[in-house]
Amino acid sequence: MKIQNGWHLVKAALEGFKRNKVRSLLTSLGIMIGVLSVVLLIALGLGLKNYLRQQFESLGANLVIIFPGNISSSEEGGGIANFGPGFAGGADFDEKDYLSLTRISEADYVVPLFMKSSVIESETERKFGYFMGTNEQAFKILNLETLEGKFFTKSDLTARTKVAVLGQNLADGLYEDSKDAVGKTIRVGEQRFKVIGVAKKKGDREQDNGVITPYKTSFGTLNSGKTFFTIYLGTTDEKSIEVIKRRAEEILLKRYKKGDFTVTEQTEILSTVNQIFSIVNAILVAIGSISLLVGGIGIMNIMYATVTERTKEVGIRRAVGATQWDILKQFLTESVLLSIFGGSLGLIIASLIVLIVRRFFPVSLNLLAVFIAIAVSSGIGIFFGVFPARRAAKLPPIEAIRYE
Amino acid sequence: MIKLVNVCKSYFLGDEEVKAVCNINLEIKDKDYIGILGTSGSGKSTLMYLIGLLEQPTSGKVILEGKDVSKLSDTDLSKIRNKTVGFVFQQFNLINRFTVLENVLLPTKYSKRDLDFDPIKRADELLTHFGIFDRRNFFPNKISGGQQQRVAIARALIMKPKVILADEPTGNLDSKTGDEIIKLLSSLNKELGVTVIIVTHEKEIAKKTKRRIYIKDGKIVEKYL
């Protein structure tokens, strides 16, 4: 009996929509746009977050990262507010810093990194990529594997050989087959490099499009200032992380002021970045929710009109035994169906947009976003439907029956 | 079966209290066939709605099968209406976006207990009995007034009620069709033993009932003038 009753409600609501197709469609349009914008904004936020996480995960674990400026200054109370300067200003690390850091015995790897975006040329193609100057340990720290050829060694570094390892994407772009790359010569700016290896694709934009070279080779040319942007210290023993951090700080403080550099762990950076993105995302979603609100008000408006139109019907239903609760359920079913319909439509369109856009931009949808979209649209249906439905339920039966 | 004891019902028009009916004492027995006769505005419809539990009295008691129902909650009253009372209106009051069959089935949707009959089978039987089975999938605005009123009576009967309350059931019909409807209502009383109460302003119709109640200015009077 209960199920039959529920089905009766849904069927009656759907028949009502059929009679007012345009009106029902326009009403759910508001919710559709609201859900569409909220879901898209969530997808964008999630996509960026995932992108950043990938960037960090592509670095091995147990990593201490040193870079100029000041980000993780929670002990100074600055927190994420100081994130900005971390990317500009502060210390310029040079080879001397790198060599002093190699004296930390607890660090199994010490890897300096210089990076800039450049145009990379083969004989026939020109591609945009990332030029990197580093040492032979970088391959270990970045977890790179050879697809073709080999990686450069310590002797390449000291001999300043003009060799390069290409990321798989870049090799694919410059040559018909990435296998063809080994042995060829590429040009970055005015400098030529012989390709000795191709590194397997990892899903990291910079590495997959990278030209990885011994850092000394580009000193004075591509890296005219002989500086490094980042220095990584890796260890196989998680427990030494704290010691490495402390010792690195001591070493750097001999040359630089506190605040000119940051010594941090990968996980700390990740949580700081996540924090920022959560806030930005929350703000965006809040803005998107305004359209949901407007959509909800649209539903409320139409439901009030529907209640007035059906006053007589309410009277009839009450006379044959409908309780106030029955009437409330009837109108609530309609408003919830309207908003779920709009919400699903918005979700479908958002998913299509995500599918198209993800080729160019990091966006992604997850079950949570889908769940939120459906929960929010039915919530709106209930919230904005309950006032008109209450009005219908509270109509005095006699007056309702006589209503013309 | 239904007893009204000193029942008054008043409305407020702004600050002014208007007594629609007052001091009504009335007993309706099982299988009764009653005509409530009164002019327009005499309070006869209000009286009918009070008997049908669609209105609650301002004062006095409505007793249904020995139980005072005048203070019951909306939900309880609705349940009793659904089970015990069938209404027939002057305007037929069918829902135009539902078919004849769906209209007849409407009260069954609000039954809070399992039905002791198959609703569609019973609806078909009633429609057949009233000679409108071939109209079961029509919409109300596509059938004649007489047919609509039969649908309304079928709807009133579907839950096997104890009492049928008809408010000017012939008011929107021509005299021939009106006679047929009254005959139909009489037969319900005679053959099925349903209590039938017809509210009307027409003496001719009231004459067909077993017992007449005259109402004037909200009070039961001895004689209809």
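The following questions and answers go through a predicted model with chains A and B.

Student: Is A:Gln207 buried or exposed?
Tutor: A:Gln207 is found in helix α7 of chain A, residues 205–208. The cut-off for buried is under 20% relative accessible area. A:Gln207 has a relative accessibility of 7%, so the residue counts as buried.

Student: Which side chain makes a polar contact with that of A:Gln207?
Tutor: Helix α7 of chain A, residues 205–208, holds A:Gln207. Its side chain has a polar contact of 3.4 Å, and the partner is the side chain of A:Lys202.

Student: Which helix gives the largest share of the largest nonpolar core?
Tutor: The largest nonpolar core has 40 residues, and A:Ile66, A:Phe93 and A:Leu101 are among those with the most contacts inside it. Five residues of this core, its largest share, come from helix α9 of chain A, residues 241–253.

Student: How many residues does the other core, with A:Met300 and B:Leu106, have?
Tutor: This other core lies apart from the largest one. Its members include A:Ile327 and A:Ala392 as well as A:Met300 and B:Leu106, and the number of residues is 39.

Student: What does A:Leu101 touch, not counting residues up to four places away in sequence?
Tutor: A:Leu101 is one of the residues with the most contacts inside the largest nonpolar core. With residues up to four places away in sequence left out, A:Leu101 touches A:Ile66, A:Val110, A:Ile231, A:Leu233, A:Ala248 and A:Ile251.

Student: The structure holds 16 aromatic pairs over all chains; is the pair of A:Phe93 and A:Tyr256 stacked or edge-to-face?
Tutor: A:Phe93 is in strand β2 of chain A and A:Tyr256 in the loop between α9 and β12, 163 residues apart. A:Phe93 counts as buried at 0% relative accessibility, and A:Tyr256 is buried at 14%. A pair of aromatic rings is described by the distance of the centres and the angle of the planes. The centres of A:Phe93 and A:Tyr256 are 5.9 Å apart and the planes are at 85°, so the pair is edge-to-face.

Student: What about A:Phe139 and A:Phe151, stacked or edge-to-face?
Tutor: A:Phe139 is in helix α4 of chain A and A:Phe151 in the loop between β5 and α5, twelve residues apart. Both A:Phe139 and A:Phe151 are buried. Planes under 30 degrees apart count as stacked. The ring centres of A:Phe139 and A:Phe151 are 4.0 Å apart with planes at 5°, so the pair is stacked.

Student: Over which ring does the charged end of B:Arg122 sit?
Tutor: The charged end of B:Arg122 is 5.6 Å from the centre of a ring. That ring belongs to B:Phe117.

Student: Which strands pair with strand β1 of chain A?
Tutor: Strand β1, residues 63–68, is mostly covered, with six of its six residues buried. An antiparallel pairing over four bridges joins β1(A) to β11(A), where A:Leu63 stands opposite A:Gly234. A second antiparallel pairing has five bridges, with A:Val64 and A:Glu265 as bridge partners. The strands asked for are β11(A) and β12(A).

Student: Which strand runs parallel to β9 of chain A?
Tutor: Strand β9, residues 210–214, has five of its five residues buried. Two bridges join β6(A) to β9(A) in the antiparallel sense, with A:Leu166 opposite A:Val211. The parallel pairing has five bridges, and A:Gly133 and A:Thr213 are bridge partners in it. The parallel strand is β4(A).

Student: What is the C-alpha to C-alpha distance of A:Asn223 and A:Lys116?
Tutor: A:Asn223 lies in the loop between α8 and β10 of chain A and counts as buried at 2% relative accessibility. Beyond four places in sequence, A:Asn223 touches A:Phe114 and A:Ser218. A:Asn223 and A:Lys116 are 107 residues apart in sequence, and their C-alpha to C-alpha distance is 8.9 Å.

Student: Is B:Glu27 buried or partly exposed?
Tutor: B:Glu27 is found in strand β2 of chain B, residues 16–28. Its contacts beyond four places in sequence are B:Ile2, B:Lys3, B:Asp32 and B:Arg211. At 37% relative accessibility, B:Glu27 counts as partly exposed.

Notes
Residues are numbered from 1 along each chain as its sequence is written. Chains are lettered from A and ligands numbered from 1 in the order in which they are written. This is a predicted model: local features need pLDDT of at least 70, side-chain atom pairs count only at pLDDT 80 or more; totals for chains, interfaces and linings use all residues. Side-chain values use heavy atoms; hydrogens and water are left out. Buried means under 20% relative accessible area, exposed over 50%, partly exposed in between (1.4 Å probe, protein chains only). A polar contact is a pair of N or O atoms within 3.5 Å; within protein, one must be able to donate a hydrogen and the other to accept it, and residues adjacent in sequence count only if both atoms are side-chain atoms. A nonpolar core is a set of buried Ala, Val, Leu, Ile, Met, Phe, Trp, Tyr and Cys residues joined through side-chain atoms within 4.5 Å. Contact means heavy atoms within 4.5 Å. Rings of Phe, Tyr and Trp (its six-membered ring) pair if their centres lie within 6.5 Å; planes under 30 degrees apart count as stacked, over 60 as edge-to-face and the rest as tilted. A charge sits over a ring if NZ of Lys or CZ of Arg is within 6 Å of the ring centre and within 35 degrees of the ring normal. Two strands pair if DSSP finds at least two bridges between them.
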